[in-house]
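Please open the model in a viewer and keep the sequence panel visible. The tour proceeds by selections, each followed by a description of what is found there.

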Amino acid sequence: MQSPPFDIGLYPLSQDPFNAYKCAFKALEYMASGLPVVASGVGANAETVLDAETGFLCRSEEDWVRAIETLAGDADLRARFGQAGRARAEQHYDVARLAARLEGILQA
């Protein structure tokens, strides 16, 4: 797997009714790429990104500043979050796993 040309995946969303129903696909792409994620704690992001484990969920401007500064200054933390995010993407969002679950549901 080739590393992306950046160190942190950012996914800002405003906290409004429209974004409450957006999918967390961008966050999943970052996680699958082995990147730590800094995302708004809105909608599916709050279920997909594990705060302080695969990245940071932000609710305020101060949260964003703190999260980016923390990750920018700590390569080991970026690597740990990136590895945890990659593992989460593989375990919970892998197409083959999801297809097998769907097959089980349809056969039931």
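Begin by selecting helix 1 (residues 25-32) together with helix 4 (75-93). In this predicted model, the two helices pack at an angle of about 115°, and their axes are 7 Å apart. The crossing of helix 1 and helix 4 is left-handed. To display the contact itself, show the side chains of Leu28, Met31 and Ala32 on helix 1. On helix 4, the partners to show are Gly82, Gly85, Arg86, Arg88, Ala89 and Tyr93.

Next, select helix 3, residues 61-72. How far apart are its end C-alpha atoms? The distance is 16 Å, and this agrees with the span of 16 Å expected for twelve residues at 1.5 Å a residue.

Remaining on helix 3, colour Trp64, Ala67 and Leu71, which are buried. Turn the view until it looks down the helix axis: the buried residues fall within an arc of 70°, so they line one face of helix 3. The general geometry is helpful here: an α-helix has 3.6 residues a turn, so residues three or four places apart point the same way. Now colour Glu61, Glu62, Glu69 and Ala72, the exposed residues on the face of helix 3 turned away from its buried side. To see what covers the buried residues, add strand 1 (9-11), strand 2 (37-40), strand 3 (55-58) and helix 4, which are included in that cover.

Select Cys58 next. Is this residue buried or exposed? Cys58 is buried, with a relative accessible area of 2%. Add Cys23 to the selection in order to consider disulfides. A disulfide is a covalent bond between the sulfur atoms of two cysteines. With a cut-off of 2.5 Å between the sulfur atoms, the count in this model is zero. Cys23 is in no disulfide, and the nearest cysteine sulfur to its own, that of Cys58, is 19 Å away.

Proceed to the loop between strand 1 and helix 1, where both Pro12 and Asp16 are found. Pro12 counts as exposed, at 55% relative accessibility. Neighbours within four places in sequence aside, Pro12 is in contact with Ser40 and Trp64; the latter is one of the buried residues of helix 3. Measuring from Pro12 to Gly104 in the viewer gives a C-alpha to C-alpha distance of 35 Å, across 92 residues of sequence. Asp16 is partly exposed, with a relative accessible area of 29%. Between Asp16 and Val42, the C-alpha atoms are 8.5 Å apart in space, while the two residues are 26 apart in sequence.

Now move to the loop between helix 2 (45-48) and strand 3 and select Ala52. What is the phi of Ala52? It is positive, about 65°, although Ala52 is not a glycine. For context, most residues other than glycine have a negative phi.

Finally, display the whole protein chain. It contains five helices and three strands, which follow the pattern β-α-β-α-β-α-α-α along the sequence. The C-alpha atoms fill a box of roughly 50 × 35 × 20 Å along the principal axes. Of the 108 residues, 33% count as buried. Among contacts with a separation of 6 or more, 54% are accounted for by residues 24 or more positions apart.

Note on methods. Residues are numbered from 1 along each chain as its sequence is written. This is a predicted model: local features need pLDDT of at least 70, side-chain atom pairs count only at pLDDT 80 or more; totals for chains, interfaces and linings use all residues. Side-chain values use heavy atoms; hydrogens and water are left out. Helices (H or I, at least four residues) and strands (E, at least two) are DSSP runs, numbered from the N terminus. The expected span of a helix is 1.5 Å times one less than its number of residues. Buried means under 20% relative accessible area, exposed over 50%, partly exposed in between (1.4 Å probe, protein chains only). The arc is that of the directions from the helix axis to the C-beta atoms. Contact means heavy atoms within 4.5 Å. Axes are lines fitted to C-alpha atoms, for helices over the stretch in contact, and angles run from 0 to 180 degrees between N-to-C directions. A crossing is left-handed if the near helix is turned anticlockwise from the far one by less than a right angle, and right-handed if clockwise.
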